[in-house]
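User: I have a structure open and want to go through a sheet and a couple of chain contacts. Can you take me through them?
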Amino acid sequence: MSKIDNSKRNFLKTSAILGVGVSAPLIFTNAHAAYRNEPKGSTVTFGFNVPQTGAYADEGADELRAYKLAVEHINGEGDGGMLNTFSSKALKGNGINGKKVVFVTGDTQTKSDAARASAKRMIEKDGAIMITGGSSSGVAIAVQGLCQEAGVIFMAGLTHSNDTTGKDKRANGFRHFFNTEMTGAALAPVLKNNYGTDRVAYHLTADYTWGYSQEGSIRKYTEAMGWKTAQAVNTPVGAGDFSQYITPVLNSGADVLVLNHYGKDMVNSLTQAVQFGLRDKQVNGKDFTIVVPLYSRLMAAGAGENVKGIFGSTNWHWSLQDAGSQAFVKSFGKAYGFPPSQAAHTTYCQALLYADACQRAGTFKPSEVGKSLAGFKFDGLGNGPTEYRADDHQCFKDVLVVKGKENPSSKFDVLEVVEVTPRAQVEYEASMLGGNLGPYNNG
Amino acid sequence: MDAFLLQVLNGLDKGGAYALIALGLTLVFGTLGVVNFAHGALFMLGAFCAVTLQSLLTLERVTLDPEKLTAWGTPMEIRTPYIVEWFGDFGMTLIDWSVPLAILLAVPIMLLLGVVMERGLIRHFYKRLHADQILVTFGLAIVVQEIVKAQFGANPIPQPAPALFAGSADIGLWLGFAENAVVYPWWRIIYLLFAGVVITSVFAFLQFTTFGMVVRAGMADRETVGLLGIDIDRRFTIVFGMAAVVAGLAGVMYTPVLSPDYHMGMDFLVLSFVVVVVGGMGSLGGAVAAGFLLGILQSFASMNEVKSLLPGIDQVVIYLIAVVVLLVRPRGLFGRKGVMES
Amino acid sequence: MSILSVKNINKQFGGLKALNEVNLEIEAGTVHAIIGPNGAGKSTLLNCFVGRLNPDTGSVNFDGVSLLGMQPHEINQVGVSRVFQTPEIFGDLTLVENVMIPAFARRDGAFRINGWGQVEDEKNVRENAMHLLEDVGLAESADTVANQLSRGDKRRLELAMCLVQKPKLLLLDEPTAGMARADTNNTIDLLKKIAERGITMVIIEHDMHVVFSLAEKISVLAQGTVIAEGLPNEIKGHPKVQEAYLGGAHL
Amino acid sequence: MIKFNVKNKDHMLLLGFIGVVALAPIIMAPIGGGYPDLLQKFAIFGIFAIGFNILFGLTGYLSFGHAAFLGIGSYTAVWTFKLLTMNVIPALILSTLLAGVFALLIGFIVLRRSGIYFSILTLAFAQMSYNLAYSVLTPITNGETGLQLRHHDARVLDGLFGVTRGEGLPSTSLFGMSMSGWSGYYFCGVMLIIMFYISLRIFRSPFGMMLRAVKSNQNRMSYTGLNTRPYTLAAFVISGMYAGLAGGLMAITDPLAGAERMQWTASGEVVLMTILGGTGTLLGPVIGAGVIKYFENIFSSFNEGILMEAFSFLPEFLQHAMVTVAGLFVGEGWHLTLGALFMVIVIFLPGGLMEGIARIGNVFRRWRKPKPVAPTEAEAAASE
């Protein structure tokens, strides 16, 4: 697990901070700062809060790899990655505002409580100026709320629920990843082209907030184009065996099964649905088909052969051919020997975007950094021209519709990009999802 | 009617799985009296026997293709499993059948693990408080889990069933229903049969062999049996090994249904305890009956008709049954008096 | 005057008739022994007095109150204490605590939360308990943990625990079972002292040496019925009793 | 035979306890634990474990569902903030009381059984609470995301007393004193001291003695004229209220209540804390809670960079080897260390960490005066 590349040794040395025995209580050190955790020395600390235990540990590990790469690039080490293709040229490879970037890490355990505890440690003890990472919406929303209260910036990791930049949005929080609304808008036309407008869908939905969000978006867009919804059934998170929910599907009159599941649930429900032979059947005179709205390449590998030909959406994929993606895949692949996941990509982008915003603002003060991020337009980070919308701190960019690959050339080659849905098609009014950013908090 | 039949079938299948998963725990917990929180870990280790065999079978010769480059600029690797190189199509078949073949691997490995665990650790805890047993076995479970995670990662690893058993059987057709009315996956039917065979063998072994007789006597009164000059300790070791094998086999065969990951044991731990206790401590038959009862009722509680009446019932049904059974029958379905009551 | 009056008790387990029309009158202030061969129903009878078993028919009256249907703790609260075949004590607690607990039970009733007061401040209860421990000869080890005692000392402790409650009736289930001869004799002496205080005792016993050293009246139980009753001397020569034991114990 | 005075000893213990709580920020700083959030967690889980110990340590009833009461406390507190006031006092009182009510209802049912059957019943109730809170009860609990404060919440009492609404979210306070950061810790610390003192009183009270009697011999207890059920129920309710209070404090220091707080693993955690520290001892549960929370928060934060620094005195190849080995046990491998710790403690110190402390105390005492002492004070304390 912890193989250390020799070439990274110097970098690791510089990144080591605040080990046991040298940390002074911050009560005494942080009294006269202009804002929370204002960096006083020659370094500035990022807090990488990712799942290291539990179901999303591998995804968290990939995020951490990407963060380390981003820090390297910001500090001017390595090949520079997407800094070379990034449209903003503010970062010069000498850290941010003249300070070198160092980082601390923590384990979210994919639990709101643990994630908040871990983020608090970074803020209170390690003096982190920004918290980023995470692999679920519940955690993202919980940590975003915390960062708002504490007065630091939160750069969300992998979080797909509408609420993160909708109902629960906060001024100090920013999300690069897309959401269920965009998934619905991007996926529906592709489904229409492939399966027609006369379909009946059966939803299995993970019984928690993200699941509801996903189901709502897919229903909204598929029903708008003429699909009917036979039934939407909530399934317990971590059910393991979904057979009792799959058995009624064939007799329900539905000819499409939509699996609003993520991670382990997705792997299990998809594997089991395929085992039930659903895809070999014909219903209403059409081939029965399965849709997985949100794909994760890392997790999809767990479902093996079963993903072949199944449509879904993803934030980014390493096979993209634009200069930014290629630069990122190249420097990530060189460092670790395999291509990055979408989680790695979004977290790398977030670290870079934050650094760039601080550099352009000339300070780390959350309100100033926030203002320089809000409404920021950029390109060259792998998703085409992108905008951090000021109204809800959500990135708007093209969305990828993907399909499980029929003939993979390697174990990383699981998905193929079917369509790049242009940004215009997935945009919506910020007011649609409700919520209130509120003011920036500088702590 | 067909929906009903389908849920009965599904309940039986789930019940079979629950019973098989809990069977090993009944042996250790219900009869030896050890609160074994590492039972889930044994189940998980069984599943990883399948993973190990699969990765052994798919050990690959890696050659570099000088023509093609990966996206990050290194030469593309061409991977061919040795076994396919050596045996051709037969090699492919071996890989295809890796899950059933893993049984052959799992039996000796799990037996060894069980015996080592009992000799090295558990036997020092027979007389200790249950709290101590919980702490030590829970600690062991975590250690085992983390080792597996360090080796295999945290993501689920797919273990497909042999191609022969892919897809589903249209059972409805045999019974005169319409096409697709009652469809059930082949592999789950196999699992149910497998569970039946394993459970029957364990029963037969304990019921009809002298070994089993001595063990059952030892459970009732360990000291007296010891006084008769019978080495009951050694037999208990074997029982523990047997429990490990049963847990492991349940794990191996479950992998096509549930892609194994390092955490899968913990997910089944609570369920196993509920099955054993609802069945009644010390009763193998009780555990099997409880497994089927819970499986079938869970299946029915998940029907849309039921869920619309009682939202969320499918999430709590298992615990609800546990509460009702334990309040109506103080020692579970078939529990013996005085076992683990203090 | 009889303090415990048992009338027409029947108890059946499945097809087995454990007690058959048992009648018994225990006089206040006497030591009454119930003897009989194994399986005669002695323990079943005792369990009917203390609320562990409910007889199928018949009545058990203590001091004018029916004991039937009462919980064990309620029966204790009306003044019946019990000594078990294997001493039942609080093994994890110290001797003085063992005796203080029944003292509290007698003073405060079956349930009272006194979570703020401190045991240490309960001087009276403690002194009382120490007195009882002195009476049974265990005062010196008052602060040791009860599990460390010998079998005989555990019995003494249990007796102290019963006596601290000033019971009107003391039930003893084979008080010397499993004891060495010396321990048995000590226990007999102790029981004699207790009897001198005028506490009514019912003893269920195998050991005839114990029975004839203590009992003022004896009832003989065989196959669930009382076959004989009387003074020790009367019982010794009773033909039915001889027959019932049939080479069992030497009378 | 010289008898030590229990009361004086307890007063010393309490004074020492207060001292440690007061100085914890300084004591914990050198080992990386001197920041408010972790110390708040120490105090809160300390309270949780102390309360659990009143049930498990004294009566021997092993509950696997106490996290449910913690969760109820948290949800109650957050709802109080939303509906009534941001002042923490009503939240604290209501969360304790409501948890007590639930404990009474659940306890009444589950205490009909003992031993393993009792454990499974508590587990079942807690798992039902968790599953429902996570899904169907989302309108009340806000499901996976957790119940949060909102700007437009009613806060009736605050409105009555004319508290002005700021632009952002309000924060919890004790009559104007903010409950985050160090003031939050000291508030929790004071609660911990109070709850510790209450537990001390209970341990030394006739009631506590009765509870230990229940654990020791229930049969004798009822033939002694005591009704065991109300005693166990009282202990169950008291420990449920402790859990509710701890849950309330969690919401006070961090106004968010998540369903995973009620999961069986959370119930298991408090069991582990208690056994690890020393079941039935006064201090053990607090120590156990501290150790587990320390591992969770600090060991998980050591990454390769920190390890490289720590082993930088070694030659390079050794440094790499050490980092690789140590890396298994920290950072993402912190669970491994915890698991191994559980095993080591229970194998070598059956009485938990308190037994370890008692043994160390013995070594010192023997070293001071060579003649062997009968059961020492520390042992007596450990066995209480």
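**Sheet and contacts**

Analyst: Val6(C) has Leu24(C), in β2(C), as its bridge partner. Keep in mind that this is a predicted model.

User: How many bridges link β1 of chain C and β2(C), and in which sense do they pair?

Analyst: There are 8 bridges between β1 (residues 2–13) of chain C and β2(C), and the sense is antiparallel.

User: What's the strand order in the sheet of chain C?

Analyst: The order is β2-β1-β4-β5 in chain C, an open sheet of 4 strands with antiparallel pairing. β2 (16–27) and β5 (65–66) of chain C are at the edges with a single partner strand each, so each has one side without a neighbour in the sheet.

User: Which helix packs on it, and what does that helix touch?

Analyst: Helix α1 (residues 42–49) of chain C does, touching β1, β2 and β4 (57–62) of that chain. The direction of α1(C) makes about 60 degrees with that of β2(C).

User: Switching to interfaces. How many residues of chain D and chain A are in contact?

Analyst: 48 residues of chain D and 50 residues of chain A. On the chain D side, α14(D) gives the largest share, 6 residues. That side has 16 nonpolar, 22 polar and 10 charged residues.

User: And chain B against chain A, how many from each?

Analyst: Chain B puts in 40 residues and chain A 43 residues. Elements giving two or more residues on the chain B side include α6 (130–152) and β4 (183–185) of chain B. The largest share there, 7 residues, is from α1(B).

User: What's the split by class on that side of chain B?

Analyst: 17 nonpolar, 16 polar and 7 charged residues.

Key. Residues numbered from 1 in each chain as written. Chains lettered and ligands numbered in written order. Predicted model: local features only at pLDDT ≥ 70, side-chain atom pairs only at ≥ 80, totals over all residues. Contact = placed C-beta atoms within 7 Å. Nonpolar A, V, L, I, M, F, W, Y, C, P; charged D, E, K, R; others polar. Pairing = 2+ DSSP bridges. Axes fitted to C-alpha atoms, helices over the stretch in contact; angles between N-to-C directions.
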